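Colleague: Please take a close look at the inner space of this model and the part of the chain that lines it. Then follow that part outward to what lies around it.

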Amino acid sequence: LYKNLSSIDDIKTFMENHVFAVWDFMSLLKSLQIELTTVSLPWTAPKNPALARFINEIVHGEESDLNELGEPKSHFEMYLDAMQECERATTKIDTFLQLVKDYKNINVAINNSPLNPALKNFLNFTFKIVEEGEAHEVAAAFTFGREELIPNMFTKILEKLQHNFPDTNLDQLIYYFKRHIELDEDEHGPMAMKMIEDLCGEDQKKWHEVTQVSQDALQVRLGLWNAIEASIIAQRTPVL
């Protein structure tokens with residue numbers, strides 16, 4: 001996939017699909033916030049203050065970070081701004097989010113959307129874990145399917161952007177990638193690993209479940225990446 005990011009159109013196609021992973025990540029994070037902090041009334045102290053602090057710090061960074069202008073925005077909103085900066089309409093994600101509002105059921109919205117099957121599988125996996133998984137399983141999808149992958153993944157994409165498009169205005173997208181690499185490599189990644197350790201402890205059953213969820217998360221990520229690559233290649237083929 002990264003080798004195929006060779007034109008602005010390739011970048012636009014990547015973003016149009018990857019934005020869904022930026023969006024659904026927040027539901028994994030919010031699920032952990034519900035489980036590991038107190039978000040109900042009356043408030044009670046969390047069982048594990050260290051985990052509560054970790055999750056709240058990530059929520060703070062993901063939901064209300066500062067963009068390149070110093071304005072508070074979620075990373076999802078930053079990504080939408082970056083899409084518009086490189087002249088890629090956000091119609092696909094906007095239409096899907098309207099379906100979510102209309103159906104009031106995420107599973108129905110996904111299955112009734114015209115999205116690529118691999119993207120549907122990716123989203124269905126996320127919300128199955130959110131709805132049915134225990135805290136350690138959600139943490140596994142969050143850690144090994146997202147946080148641990150992001151620094152290397154975004155570094156590869158960033159290298160492509162800076163090497164192939166030095167004269168193209170992609171400042172917001174580059175800022176987004178750099179910000180994630182900085183946060184996830186130095187802070188969030190190691191803390192996410194500690195979260196897994198704390199949630200599983202010596203329980204071998206939980207460790208087995210973490211392993212299975214992690215493998216499944218990587219498989220649906222691979223499926224999504226392959227589908228995006230196929231879309232990029234397909235757009236280069238002239239219609240006869």
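**The largest cavity and helix α1**

Modeller: Helix α1 gives the most to the lining of the largest cavity, with 5 residues. This is a predicted model, numbered from 1 along each chain as its sequence is written, and local features need pLDDT of at least 70. Side-chain atom pairs count only at pLDDT 80 or more, while totals for chains, interfaces and linings use all residues, and side-chain values use heavy atoms, without hydrogens or water.

First, the terms. Helices (H or I, at least four residues) and strands (E, at least two) are DSSP runs, numbered from the N terminus. A cavity is a set of points on a 1 Å grid over the protein atoms alone where a 1.4 Å probe fits but cannot get out; a pocket is an open set with protein on both sides within 12 Å along at least five of seven lines; lining residues have an atom within 4 Å of a point.

There are 3 cavities of 30 Å³ or more. The largest has a volume of about 130 Å³. Its lining holds 15 residues. Nearest its centre are Ala21, Val22, Phe25, Ile150 and Tyr176. Helices α1, α3, α8 and α9 each supply at least two lining residues. By type, the lining splits into 9 nonpolar, 3 polar and 3 charged residues.

One of those contributors needs a note on confidence. Helix α8 (residues 150–164) has the lowest mean pLDDT among the elements, at 84. Helix α6 (residues 117–132) has the highest, at 98. The protein as a whole has a mean pLDDT (the predictor's confidence in each residue, from 0 to 100) of 92. Of its residues, 98% reach 70 or more.

Now the nonpolar core, a set of buried Ala, Val, Leu, Ile, Met, Phe, Trp, Tyr and Cys residues joined through side-chain atoms within 4.5 Å. The largest one has 75 residues. Phe14, Phe96, Phe142 and Met195 touch the most other members. Helix α1 gives the most to this core, with 14 residues. Take Phe142. Setting aside residues up to four places away in sequence, Phe142 is in contact (heavy atoms within 4.5 Å) with Phe25, Leu28, Leu29, Leu32, Phe54, Ile58, Glu147, Ala192 and Met195. Phe25 is also one of the residues nearest the centre of the largest cavity.

Two polar or charged members of helix α1 are worth a look. Gln33 lies in this helix. At a relative accessible area of 12%, Gln33 is buried. Buried means under 20%, exposed over 50% and partly exposed in between (1.4 Å probe, protein chains only). Leaving out residues up to four places away, Gln33 touches Val39, Ile55, Asn56 and Val59. Lys30 is in α1 too. Lys30 has a relative accessible area of 26%, so it counts as partly exposed. Beyond four places in sequence, Lys30 is in contact with Val59 and Glu63. Val59 therefore appears in the contact lists of both Lys30 and Gln33, the latter being buried. Asp94 is 64 residues from Lys30 in sequence and 21 Å from it in space, C-alpha to C-alpha.

Helix α3 is another supplier of the cavity lining. It covers residues 75–85, and 8 of its 11 residues are buried. They are His75, Phe76, Met78, Tyr79, Leu80, Asp81, Ala82 and Met83. What covers them includes α1 (8–36), α2 (49–63), β1 (65–66), β2 (72–73), α4 (91–103) and α9 (171–200).

Just after α3, Glu87 takes a positive phi of about 65°. Glu87 is not a glycine. It sits in the loop between α3 and α4. With 67% relative accessibility, Glu87 counts as exposed. In the loop between α1 and α2 lies Pro42. The Leu41 to Pro42 peptide bond is cis, with omega near -5°.

Last, the open side. The largest pocket holds about 290 Å³ of space. Helices α1 and α7 (135–147) are the elements that give two or more residues to its lining. That lining has 14 residues, with Glu35, Leu36, Lys47, Asn48 and Leu199 nearest the centre. It divides into 5 nonpolar, 5 polar and 4 charged residues.

Technical notes
Grid points are joined across faces, edges and corners, and a volume is the space filled by probe spheres set on the points. Ala, Val, Leu, Ile, Met, Phe, Trp, Tyr, Cys and Pro count as nonpolar, Asp, Glu, Lys and Arg as charged, and the others, Gly among them, as polar.
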